[in-house]
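Here are my notes on this one, in the order I went through it. Have the viewer open as you read.

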Amino acid sequence: MTIKKDKVVEMHYTLKSDSGEVIDTSKGNDPMPFIQGHGNIIPGLERALEGMNVGESCDVSVNPEDAYGAHHPEAIQDIPMEAMKSIENLELGMELQSKDDQGNVFIVRVKEIKEDLVTVDANHPLAGQTLHFNVSIENVREATKDELNHGHVHTSSCSH
Ligand code: ZN
C-alpha cells in the first residue's frame, strides 16, 4: 500500500542535526504512527513521504521553514525573577505556560536563571535547524472514520 492522504502510516525514524548528532529515534520502540495529510508530522517530511510504499526507506533533509520554523531572537525574553516567584523548583529547561495579549497560551522554556532575571525562550527547540531524517515505512493502512474525525491515530493504548 502506498502513502497518500488519509492513510495511517507506521514508520521508524532517526532524526539527526546538521552536525550528525542523533536528536531523536524510534529505534527500540514501536514505529511511530501518524495520519498522512493531517499535519501530524512536519510539512517537509509529510511531503517527502507521499507516494512511498511499505518496506521502503529514505533519507530526507528538511529546511527549517518546512520543519519547526525560523529561530526568532525576539522570542527570547528576560523576565524579572519577581514575576516568577510563584513557580516552584524553577530550573533550566523547564517548560512554562505563558499567554500573549490575545490570551493564546504558548509554551516557553527556561534558558537561563540569574539572580534577578530569568531568560525564557518561546522558540521550538528545533527552530532554525535543518533536520535530517532516515525513515523506513513499516506499515500503511486505511484510517478509520473515527481517526479521520479526530485527526490522529488510535492505538491499542488509546482510551476513547
Ligand atoms: Zn481520538
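1. A word on terms before anything else: helices (H or I, at least four residues) and strands (E, at least two) are DSSP runs, numbered from the N terminus. With that in hand, Asp6 is easy to place: it sits in the segment before strand 1 (7–16). Keep in mind throughout that this is a predicted model.

2. Overall make-up. The protein chain has two helices and nine strands, and along the sequence they come in the pattern β-β-β-α-β-β-β-β-β-β-α. The radius of gyration is 19 Å, well over the 15 Å that the globule rule gives for 160 residues, so the chain is more spread out than a compact globule. Along the principal axes, the C-alpha trace spans about 60 × 40 × 30 Å.

3. Domains. The chain splits into domain 1 (7–68 + 126–150) and domain 2 (73–121), so you'll see domain 1 listed in two segments under the automatic or database domain assignment. Taken over C-alpha atoms, the centres of domain 1 and domain 2 are 31 Å apart.

4. Surface and contacts. Buried residues make up 31% of the 160 in the protein chain. The accessible surface comes to about 10,000 Å², and carbon and sulfur atoms account for 46% of that. Among contacts with a separation of 6 or more, 61% are between residues 24 or more positions apart.

5. Strand 1 is worth a good look. It is mostly covered, with seven of its ten residues buried. Its pairing with strand 9 (residues 131–142) is antiparallel and runs over ten bridges; within it, His12 has Ser136 as its bridge partner. Strand 3 (residues 32–35) also pairs with strand 1 in the antiparallel sense, over four bridges, and there Glu10 stands opposite Pro33.

6. Strand 1 again, now with strand 2 (residues 22–25). These two pair in the antiparallel sense over three bridges, with Thr25 in strand 2 as the bridge partner of Thr14. Their hairpin has five residues between the strands, and Gly20 in that hairpin takes a positive phi near 90 degrees.

7. Now the open sheet. Four strands line up in the order 5-8-7-6, with antiparallel pairing. Why do strand 5 (76–80) and strand 6 (95–99) each have one side without a neighbour in the sheet? Both stand at the edges and have a single partner strand each, so one side of each is left free of a neighbour there. On average, neighbouring strands of this sheet are turned by 45 degrees against each other, direction ignored.

8. One pairing in that sheet to check by eye: strand 5 and strand 8 (residues 117–121) pair in the antiparallel sense over five bridges. Gln77 stands opposite Val120 of strand 8.

9. Backbone oddities. Which residues other than glycine have a positive phi? Two to look up are Asp6, with phi near 75 degrees, and Asn89, at about 50 degrees. Asn89 lies in the loop between strand 5 and strand 6.

10. Are those two buried or exposed? Asn89 has a relative accessible area of 63%, so it is exposed, the cut-off for that being over 50%. Asp6 comes to 27% relative accessibility and therefore counts as partly exposed.

How values were computed:
Residues are numbered from 1 along each chain as its sequence is written. This is a predicted model: local features need pLDDT of at least 70, side-chain atom pairs count only at pLDDT 80 or more; totals for chains, interfaces and linings use all residues. Side-chain values use heavy atoms; hydrogens and water are left out. Two strands pair if DSSP finds at least two bridges between them. Axes are lines fitted to C-alpha atoms, for helices over the stretch in contact, and angles run from 0 to 180 degrees between N-to-C directions. Buried means under 20% relative accessible area, exposed over 50%, partly exposed in between (1.4 Å probe, protein chains only). The radius of gyration is taken over C-alpha atoms; the globule rule is 2.2 Å times the number of residues to the power 0.38. Contact means heavy atoms within 4.5 Å. Accessible areas come from the Shrake-Rupley method with a 1.4 Å probe; for residues, only the protein chains shown count as cover.
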